[in-house]
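Me: I am new to this structure and would like to know what some of the terms used for it rest on. Please take them one by one.

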Amino acid sequence: MDFRLRREEKLKSKKLIEALYSNGNSILVYPFRMVYLPIDHKANQVVQCGFGVSKKKFKRAVDRNRIKRLMREVYRQQKHIIYKDLDKKHIIMINYIDEKLPNYVQIEEKLILLLIKFMEKVKD
RNA sequence: AAAGUAGGUCGCCUUAUCGCUCCGAGUAUUCGGAGAGGAAAGUCCGGACACCAUAGAGAAUCGUAGCGGAUAACAUCCGUCCGGUGUGAACCGAGGACCAGUGCAACAGAAAGCAAGUACAGUUCGGCUGUAGUGAAAUCAGGUAAACUCUACGAGGUGCAAUGCUACGUAUAUUAGAGCUUGAGGGUACUCGCCCGAUUCUAAGGGGUAAGCAGCUAGAUGUAUAUAGUAAUAUAUAGACCAGAUAAAUGAUAAGGACGUUUUUAAAACGAACAGAAUCCGGCUUAUGACCUACUUUUAUU
RNA sequence: CGGGAUGUAGCGCAGCCCGGUAGCGCACACGGCUGGGGGCCGUGGGGUCGCAGGUUCAAAUCCUGUCAUCCCGA
């Protein structure tokens, strides 16, 4: 199984992100909010995914970096949940919307829930 | 022992597994190397660098302010004089000039310049001298310049979202006004000068693209030693290469070892502050954990 | 990353340039006009002037630092 998270799998294009926020659907699994959109992006990967933390909720850059790194780490290990039977290309943005600093276990538990819920929605 | 003052050092380390970014090999997924700070922060000063006339002149505006030195430069640093604060170690100071001119001084007070002069006492009888009272300051051409101002010195403007190139794409749509060599407008306030200037400029209202490369990290670089100097610093020699991301790398898990605290003397448990590079340097300021050294004051003992 | 603005009563603002008394509107409390409500009139309360230093006899005002909020820029 591939546990790597390459540059191609990160959502970076400003244009795609704008399209995502204006047309995408959202799922809320506290403390995360996921926005997703099936779209044919150029990259050679099934999913492009981005991570966000609000500057209003976490003033220090250290805290924002910390949360994004934890989210990225969990996503890297658990992305096979959505990769194994997703046939259409998607772009995803996951935002952290709580106001408290989380630890690794909390993020792992909730992010897995979020990914499972995402698969259920996509299959319908 | 307590309270305090000044200066300095460090900012957990090692290994394994799974990953991230860059560089070099190699070649179609492997190997090797490197990978946050003392403040990376605030953006408060000073430069380098880039473009705008080969970046000029004037005026205005702003900044600095004992004296001497350091420096690429500074509002920084070093030395020193003076003033202030503190019992003291020490610390703080925008510390030039109100005999150039203008302004200001609430309340109180007779009076805080353009005019006045209270009360008492002494008198050489001259509205002369002293005292009292008000006030931060009182008759003296006084106080006040972080009041205007004057003096000396300094500063052209804009900033890596600078600037150069490649790719993609569009609209020279429309409306109103101005102008076309007798010059609208622009070159980041103003005037002059110089330069550019017609498929142009201004306003309204729209359309497209926001992808890549260079700039981008070897430098007023840091380390050690010697010499000059009270010092800041400078010079010489040796050897070192030390992040370059762009929705933005430096992470996760486990084990072990140091450090601190608590319970206890075998060990166990817990904990590690402030905080994350974005063109690069020199400072300042602010946030912040632990330890060390020297000194001061107070109390106690010898 | 760079440039700029604003913090004054519960809310919205003036006063700051040129230093001595902190004020206006709405809201609040009390009283009056009315049979009552609304409305109008009158009176009153409420302020660390974002925070910390400095200059000054005296600071919301001048200077410095700091915190927060907002705006602009390929």
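Me: Which residues does Lys 79 touch, leaving out residues up to four places away in sequence?

Reply: In this predicted model, Lys 79 touches Asp 2, Arg 4, Leu 5 and Glu 9. A contact requires heavy atoms within 4.5 Å.

Me: Why is Lys 79 called buried?

Reply: Its relative accessible area is 4%. Buried means under 20%, so Lys 79 is called buried. Lys 79 sits in the loop between α2 (61-78) and α3 (80-83).

Me: What does Gln 45 touch, not counting residues up to four places away in sequence?

Reply: Gln 45 touches Glu 8, Glu 9, Tyr 83 and Lys 89. The loop between β2 (32-38) and β3 (47-53) holds Gln 45.

Me: What makes the pair formed by Ala 61 and RNA strand B a polar contact?

Reply: A backbone N or O atom of Ala 61 is 3.3 Å from a phosphate oxygen of RNA strand B. The limit for such a pair is within 3.5 Å, so this one counts as a polar contact. For Val 62, a backbone N or O atom lies 3.4 Å from a phosphate oxygen of the strand. With Arg 72, a side-chain N or O atom is 3.4 Å from a phosphate oxygen of RNA strand B.

Me: Which element supplies the largest share of the surface near RNA strand B?

Reply: That is α2, with 9 residues.

Me: How many residues of each class does this surface have?

Reply: The surface near RNA strand B has 12 charged, 9 nonpolar and 1 polar.

How values were computed
Residues are numbered from 1 along each chain as its sequence is written. Chains are lettered from A and ligands numbered from 1 in the order in which they are written. This is a predicted model: local features need pLDDT of at least 70, side-chain atom pairs count only at pLDDT 80 or more; totals for chains, interfaces and linings use all residues. Side-chain values use heavy atoms; hydrogens and water are left out. Helices (H or I, at least four residues) and strands (E, at least two) are DSSP runs, numbered from the N terminus. Buried means under 20% relative accessible area, exposed over 50%, partly exposed in between (1.4 Å probe, protein chains only). A polar contact is a pair of N or O atoms within 3.5 Å; within protein, one must be able to donate a hydrogen and the other to accept it, and residues adjacent in sequence count only if both atoms are side-chain atoms. Ala, Val, Leu, Ile, Met, Phe, Trp, Tyr, Cys and Pro count as nonpolar, Asp, Glu, Lys and Arg as charged, and the others, Gly among them, as polar.
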